[in-house]
Amino acid sequence: MPRRILLGDECVALGAVHAGVSSAYAYPGTPATEILEYLLEFRRRHGRPFAAWCANEKTAMEEALGACFVGRRALVSMKHVGLNVAADPFVNAALVGTHGGLVVAVADDPGMHSSQNEQDSRFYADFARVLCLEPATQQEAYDMTAAAFDLSERFAVPVMLRLVTRLAHSRTAIEVAAEPRPENPVRKALRPQSWILLPSHARRQWHDLLGRQQEMVAWSEDCRWNRLTLNPDDRELGVITTGLARNYFEENARELASRPSHLHIGAYPLPLALIRRLAGQVKRLLVFEEGYPLVERLLRGLLDTPLPILGKLTGEVPLEGELTPDNVRPALGLPARPLTNPGDLALPTRPPQLCQGCSHGHMYHALKQALAGQAQSTVTADIGCYTLGALPPYDAIESCVCMGASVGMAKGASEAGFRPAVAVIGDSTFLHSGLTPLLDAVHEDADMTLIILDNETTAMTGGQESIAPSARLKDIVLGLGVDPGHLHVVEVLPRRVPQIAELLRGEFAHPGLSVVIAVRECLETARRRRKLVEVKPS
Amino acid sequence: MKIDIMLAGVGGQGVLSLAALIGRAAVAEGLHVKQSEVHGMAQRGGAVLSHLRLSDQVIASDLIPLGTADLILSMEPLESLRYLAYLSPTATVVTSVDPFINIPDYPPKEEILARLRRLPRAVLVEAERLAREAGDVLSRNTVMVGAAAHLLPLRRESFDGAIRQTFEAKGERALEMNFAAFEAGWRVSA
Ligand code: SF4
């Protein structure tokens, strides 16, 4: 079999190609971005499969669903919080009985390396009553992606592929198939009513989905990713691992006096018989899972079990952050590894920051000048490089909650009586989730000022093109009904900071909605573009 | 055989390109390689760390356990000090001496270098000067790989191959410069 060195994300992408995927959709988000980036590059070189960035995760999921609607295989990828945005189509996709495979690759970020929370997507799979596969290695990421398409078609449900940062962004060599599977032919569903979720149909579809649960569990019991290894000589401890936790367990297992019986869970719904067999063999269970204590909670239930279950809920395993080869040791009864050099605690930290000369910095200076002298004011912000305006030297923003929240929050604060209320949002985030709250603000002519930082890219995730070009942003805002007299487009240059501050001051005084689009290309994106231009002629 | 390397630096310094060069050389020798990377928020001028593991056995964890790393290879002196808790008793720190100052409380350079010199095994590399002499200051990552190469169980030819693989597409001049940069780094610890 050919071998390739790939990032975990890229294993998913290539696994999908080799499984005959026809369409792939996504919105950029760390740590899932590289899945679609790989597919875009693949498409550039080979013409197939179709791959495209979308306005947000919900539109991505719906477009993928459309491909499945006509019988093709589709992949949609996103970061964990993206699934909140796409939750509506995701949960309902479980009901329609898709006949073209739909794989939903979601990358969680335990430890919050680049996210606002560390929610565990496996709960969504459980909630939607669909299968979930959780790779522990890059090879599994590749193999499981391919298998997920088959499973999706076999059980007529979307299949979730749950990744975490440390797998998504770790690179290694894997074996890949020599021959890709051909794509599905275009073919509409045999029972199209199953896609029309009118209550009467939806009730039938829900009944069918519940009916398939037993088959899914039966599959899970003997699928190759759920593996039980019993040690008849050691009846003390049984270890259950999920996902990457297996690697950290293995990293330490050779130091254990005796190897405990071990069940690894890589596929959900939970293999109940395997769990019962393990529990029947041992006096205590220890659960290691990357993410929330999902398995542990299901095992424990509400009432005391005769078998002690140790894990995140009992404090043996840390409840917050990601697992490491070090923090699983206490639960295994292993001492901390001796440190030759404990390190130097007095080192100054080096938090991320805006690039030198980034226009967001100039805009924050203008904003602070404009707000100086106000008795009170508030600045809500959003998700992107400009969130770093929360840190010194800027200290310019007061909120960052979820994609698009800045707009609605400024409106709400203003309507609750706190003015001036200013919202700051990037162009890509605005197009993702800022249009609808701006429509609300137009409807009420809310007394607020929206600043759209238009750097013509999705900078934080590596400079993907925004879904609408900068040149159209003004028309989009006008189209939503913003008063042209209170819509300004300014170019952000250091020497213009005082003028921009003046303009902002004027709009803060206006007792209605104002929008300022502050334009300046991201330096990083500009640099990459120049590089591309340089390379092309040769 | 197992070698665990912590690669350190500041977002934007090309820490991942160090990992890619060493990883390619190791794969050419048939070793198992796992390389954990940092993308996203921290890449914006923050502290960046990559775990690189090479072994002739299958590697379980993508992360290196504390107290077990064989080498810290750092593009920046302050950053090299951040991960000392990962070092095994016999480990070495190989770091560039060129500070990257983007924080207000950056300690005096001499203080950092003095702390480094107190470590049992530290190799301090004037990466920027050597890279400039090799023809391009951007080749400092290759200088650093050269400086660490002695400590890795990999053949010189494998590094040459990795450099060729990485820089060939950028033209003959880039390739020559990177060979020279590697050689300059190699001579630091020879
Ligand atoms: S990547 Fe672009 S938008 Fe982000 S901080 Fe740098 S210049 Fe600013």
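1. Polar contacts first: in this predicted model, 23 residue pairs are in polar contact between chain B and chain A, both partners at pLDDT 80 or more. The side of chain B that touches chain A draws two or more residues from each of β2 (32-36), β3 (47-55), α2 (77-80) and β5 (87-96) of chain B. Of these, β2(B) gives the largest share, 4 residues. By type, that side of chain B splits into 22 nonpolar, 11 polar and 10 charged residues.

2. On to the salt bridges: there are 4 between chain B and chain A. One to look at on screen is B:R53 with A:E251, where the closest N and O atoms sit 3.0 Å apart.

3. β2(B) also pairs across the interface: its partner is strand β8 (residues 170-175) of chain A, in the antiparallel sense, over 3 bridges. For a landmark, find B:K34 in β2(B), with A:T172 standing opposite.

4. As for extent, chain B puts 43 residues into the contact and chain A puts in 41. About 3700 Å² is buried between the two chains, with carbon and sulfur atoms giving 54% of that area. On the chain B side, B:H39, B:M41 and B:R44 lose the most area to chain A, together 21% of what that side buries.

5. How far to trust it? The model scores ipTM 0.93 and pTM 0.96. Chain B has a mean pLDDT of 94, and 99% of its residues reach 70 or more. Among the elements of chain B, strand β4 (residues 69-74) has the highest mean pLDDT, 98, and helix α1 (residues 15-28) the lowest, 92.

Technical notes. Residues numbered from 1 in each chain as written. Chains lettered and ligands numbered in written order. Predicted model: local features only at pLDDT ≥ 70, side-chain atom pairs only at ≥ 80, totals over all residues. Heavy atoms only, no water. pLDDT = per-residue confidence, 0-100. Contact = heavy atoms within 4.5 Å. Buried area = accessible area lost by both parts, 1.4 Å probe. Salt bridge = Lys/Arg side-chain N within 4 Å of Asp/Glu carboxyl O. Polar contact = N/O pair within 3.5 Å; in protein donor to acceptor, adjacent residues only side chain to side chain. Nonpolar A, V, L, I, M, F, W, Y, C, P; charged D, E, K, R; others polar. Pairing = 2+ DSSP bridges.
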